[in-house]
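Student: I would like to go through this structure and ask, for each label, what justifies it.

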Amino acid sequence: MNRAIVALLFVLATLELSCQTHKRLRKTDVHTVAFYNVENLFDTIDDLHTRDEEFLPAARVAWNTQRYMRKLNNIAQVIASMDTLDFPHILGLAEVENKNVLNDLVAQPHLAKAGYQIIHEDDDDPRGIEVALLYRGSYFKPVSHQAIEFQDSVPERHILYAALVNAHNDTLHVYVNHWRSRGGGQEISAPWRIRAASALRRHNDSLLQQKPKALIVVMGDFNDNPTDESIVQHLLALPSDEALRRPEALVNLASEAFAAGQGTLYYDGWHFFDQMIVSQQLMHGKRLRVESFSPFTRPWMLFTDSRGVQRPNRTRSGSRYFGGYSDHLPVLLRLSRIK
């Protein structure tokens with residue numbers, strides 16, 4: 001058998017396998033993508049390798065099975081409410097302790113029908129909080145994933161990268177981030193977030209060199225606002241009108257909402273730390289396009305503080321247990337297929 005026939009048979013076999021794979025995927029004209037910092041989703045088991053002492057039954061604010069199960073139920077309720085017709089097809093998470101809590105989360109009654117699959121890489125963050133990606137196996141199949149490391153002598157949370165393909169053979173390249181907090185002050189902590197932004201940018205540039213029309217979604221809790229140096233200068237994520245003048249730039253979907261006074265975290269005012277950033281192909285391409293983006297909230301996710309400000313109802317703070325959801329609001333992105 002000559003090489004041409006062998007090559008043709010190989011191509012046909014590959015196409016057949018691809019078609020068989022996609023037969024198991026549902027075709028849809030809209031994909032929903034979400035991100036949620038779930039605020040310390042810890043189990044009640046002592047991990048000797050992390051600082052989880054505050055989330056154990058004997059802690060000063062007891063973290064017991066009842067409170068853990070309530071936390072799981074609360075987070076599942078939020079996720080299930082994000083789309084009244086369906087569940088988010090892709091969901092990035094921050095502040096999860098390990099894969100065990102992810103297994104417990106996707107098994108919750110609110111979420112069981114979604115059939116979420118888990119992408120997770122163990123991290124060595126001293127606090128024991130990690131990032132993860134959930135995807136609905138009926139809509140997407142994973143192609144590859146990896147942890148992007150950029151630490152040296154000081155442990156630093158990695159960035160999780162995953163490529164997923166849908167039934168139309170569109171590949172989404174997704175990055176899940178949780179950058180260093182502002183503990184100690186914004187100026188002191190800013191260099192750590194700049195390092196994360198630079199590492200993410202390098203990986204992104206490498207991807208775009210290989211695939212100039214890549215469909216990219218960068219999500220996460222960046223602990224910086226859309227106007228901060230790490231985002232604008234080092235990640236080069238800009239408002240849509242500015243990005244048009246810079247072909248290499250990414251588009252920060254949170255920029256306009258932040259300028260209008262919206263946010264996902266309330267401290268001394270609303271901050272928009274939880275963002276979605278996309279490649280320009282998702283704004284002007286011919287396959288999938290951004291339809292909408294916004295924080296997601298419902299009245300039952302909020303409480304009114306002593307100043308009359310409505311803010312996210314969190315699980316706990318300091319020595320007080322509130323039994324709420326998270327101190328962050330999730331964000332929700334809708335992508336529409338171009339017909």
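Student: What do the buried residues of helix 2 pack against?

Tutor: They pack against strand 1 (30–41), strand 2, helix 3 (99–106) and strand 3 (116–119). Contact means heavy atoms within 4.5 Å. Helices (H or I, at least four residues) and strands (E, at least two) are DSSP runs, numbered from the N terminus. This is a predicted model, in which local features need pLDDT of at least 70 and side-chain atom pairs count only at pLDDT 80 or more, while totals for chains, interfaces and linings use all residues. Residues are numbered from 1 along each chain as its sequence is written, and side-chain values use heavy atoms, with hydrogens and water left out.

Student: Which residues of helix 2 are buried?

Tutor: Tyr68, Lys71, Leu72, Asn74, Ile75, Ala76, Val78 and Ile79. The term buried means under 20% relative accessible area, exposed means over 50%, and partly exposed lies in between (1.4 Å probe, protein chains only).

Student: Why is Ala80 called partly exposed?

Tutor: Ala80 belongs to helix 2. Its relative accessible area is 22%, and partly exposed covers values between the two cut-offs, so the label applies. Ala80 touches Phe87, His110 and Leu111, leaving aside residues up to four places away in sequence.

Student: How do you know that the span of helix 2 agrees with its number of residues?

Tutor: The expected span is 1.5 Å times one less than the number of residues. For the 17 residues of helix 2 that gives 24 Å, and the end C-alpha atoms are 24 Å apart, so the two agree.

Student: What makes Asp83 and Arg334 a salt bridge?

Tutor: The definition asks for a side-chain nitrogen of Lys or Arg within 4 Å of a carboxyl oxygen of Asp or Glu. Here the N to O distance is 3.2 Å, so the pair qualifies. Asp83 lies in the loop between helix 2 (65–81) and strand 2 (90–96) and Arg334 in strand 19 (residues 331–337), so the bridge ties together parts 251 residues apart in sequence. Asp83 is buried at 8% relative accessible area, whereas Arg334 is partly exposed at 22%.

Student: Why is Arg307 called exposed and Asp305 buried?

Tutor: Arg307 has 56% relative accessibility, so it counts as exposed. Asp305 has 11%, so it counts as buried. The two form a salt bridge, with the closest N and O atoms 3.5 Å apart.

Student: How many salt bridges does this rule give?

Tutor: The count comes to 15. Glu39, Lys71, Arg314 and Asp327 are linked in a network of them.

Student: Why are strand 5 and strand 9 said to stand at the edges of the sheet?

Tutor: Seven strands form an open sheet in the order 5-6-7-8-13-10-9, with mixed pairing. Strand 5 (141–148) and strand 9 (237–238) each have a single partner strand, so one side of each is left without a neighbour in the sheet.

Student: What makes strand 10 and strand 13 a pair?

Tutor: Two strands pair if DSSP finds at least two bridges between them. Strand 10 (residues 250–252) and strand 13 (residues 274–278) have two bridges, in the antiparallel sense, so they pair. In strand 13, Val278 is the bridge partner of Val251.

Student: Which residues touch the most other members of the largest nonpolar core?

Tutor: Leu133, Leu164, Leu172, Val217, Met276 and Leu333, out of 37 residues. A nonpolar core is a set of buried Ala, Val, Leu, Ile, Met, Phe, Trp, Tyr and Cys residues joined through side-chain atoms within 4.5 Å. A second, separate core of 35 residues includes Phe55, Val78, Leu91 and Leu329.
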